[in-house]
Amino acid sequence: MALWTATGFVGAQQPQNFDSVDIKVQPAQGNVYMLVGVGGNVGNAGGNAGGNVTVQVGKDGVLVVDTQYAPLSTKILAAIRTLSQGPIRYVINTHVHPDHVGGNENVRKAGSTIAGGNVSGDIQDAAQGAQIIAHDNVLKRMSAPTGTQAPVPSAAWPTSTFVGEDKKLFFNGEGIHILHQPAAHTDGDSIVFFRRSDVISTGDLFTTTNYPVIDLAAGGTINGIIDGLNKIIDLIIPVYGQEGGTLVIPGHGRLCDLGDVLNYREMATIIRDRVQDLVKKGRTLEQVKAARPTRDYDPLYGSTTGFWTTDMFVEAVYKTLSAKKS
Ligand SMILES: [Zn+2]
């Protein structure tokens with residue numbers, strides 16, 4: 001999560017106690033695992049510390065989606081090594097926020113170290129470490145200074161970016177489809193679909209812990225979030241009436257299936273429609289807030305404290321819908 005501002009990120013700079021954070025390894029299915037930060041006092045994501053990390057392992061090595069906060073890299077890498085001793089070949093970033101890209105540099109470098117046992121004919125690749133793949137807008141935000149200095153050191157930047165709708169790669173015996181979701185949580189969101197394992201890693205487009213975080217300064221919009229949720233739902237093939245089918249690793253929170261994403265999309269759509277209706281009637285932001293368009297969902301997702309309050313959510317929805325109208 002976190003938010004982009006002219007002076008850096010909000011939400012990532014809270015009192016942090018990384019020492020007491022444990023990284024829990026949870027199998028999703030197939031070759032794909034989820035690493036969850038547990039404990040500590042990091043962020044406000046329902047007790048979890050930082051963003052979820054997705055790991056795919058197999059005969060070709062290791063692919064990692066998102067890299068958490070940098071101080072957790074040692075624990076993240078140790079957790080990865082309980083799954084595979086193979087070289088870390090790829091990092092994919094779902095978006096630019098520091099709780100998802102903070103460990104880029106460390107994980108990338110570990111990729112080069114681990115390749116040490118496997119460098120014959122591949123020395124160049126080994127020297128460069130893992131490739132970091134992201135949508136081009138992620139690189140733009142990491143590298144384009146808002147002041148005089150780039151927000152993120154160049155060693156953490158994506159090394160392989162894509163523009164347009166998607167990027168595909170084949171690794172560990174399965175097709176991996178990286179799909180850009182425009183103007184959603186940010187302007188550089190990607191979801192990552194592991195086609196054989198049948199798992200989707202969503203980044204912060206989808207979480208179980210809070211209202212959709214719309215990072216206005218980073219190009220987020222409520223309609224982009226809903227479009228992204230619809231895309232995730234399109235990709236899911238469930239097994240009705242029993243366990244199975246596509247599983248979903250959210251940006252924050254627990255492992256999910258179709259039902260969870262459907263509920264979340266319904267919430268986002270209903271609140272969007274309520275606010276849209278009030279915008280059409282010419283209501284001011286204060287009037288919209290007073291109408292409490294989130295009321296029935298507040299027990300599940302609402303917050304009056306932290307970096308993403310219910311008020312901020314309503315305001316972001318209002319602003320993106322108002323901007324669209326004019
Ligand atoms: Zn985020």
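These exercises work through the fold and salt bridges of a predicted model.

**Exercise 1. Overall make-up**

Task: State how many helices and strands the protein has, and what share of its residues is buried.

Solution:
- Start with secondary structure. The protein has 10 helices and 14 strands.
- Next, burial. Of the 326 residues, 54% are buried.
- Then the surface. The accessible area is about 13700 Å², and carbon and sulfur atoms account for 50% of it.
- Last, contacts. Take those between residues at least 6 apart in sequence: 67% join residues at least 24 apart.

**Exercise 2. A salt bridge between Arg 272 and Asp 273**

Task: Find the separation of the closest N and O atoms in this pair, then classify Arg 272 as buried, partly exposed or exposed.

Solution:
- The closest N and O atoms are 2.7 Å apart. The cut-off is 4 Å, so the pair qualifies as a salt bridge.
- Arg 272 has a relative accessible area of 18%. Buried means under 20%, so Arg 272 is buried.
- Asp 273 has 41% relative accessibility and is partly exposed.

**Exercise 3. A bridge in helix 10**

Task: Work out how Glu 315 and Lys 319 are placed along helix 10, and which residues share their salt-bridge network.

Solution:
- Helix 10 covers residues 310-325. Glu 315 and Lys 319 lie 4 residues apart there, so about one helical turn separates them.
- Their closest N and O atoms are 3.0 Å apart, in a salt bridge.
- Glu 315 is partly exposed at 24%. Lys 319 is partly exposed at 42%.
- Through shared partners, salt bridges join Lys 289, Asp 311, Glu 315 and Lys 319 into one network.

Note on methods
Residues numbered from 1 in each chain as written. Predicted model: local features only at pLDDT ≥ 70, side-chain atom pairs only at ≥ 80, totals over all residues. Heavy atoms only, no water. Helix = DSSP H or I, 4+ residues; strand = E, 2+ residues; numbered from the N terminus. Buried < 20%, exposed > 50% of the residue type's maximum accessible area, 1.4 Å probe, protein only. Contact = heavy atoms within 4.5 Å. Areas by Shrake-Rupley, 256 points an atom, 1.4 Å probe, with all protein chains shown as cover. Salt bridge = Lys/Arg side-chain N within 4 Å of Asp/Glu carboxyl O.
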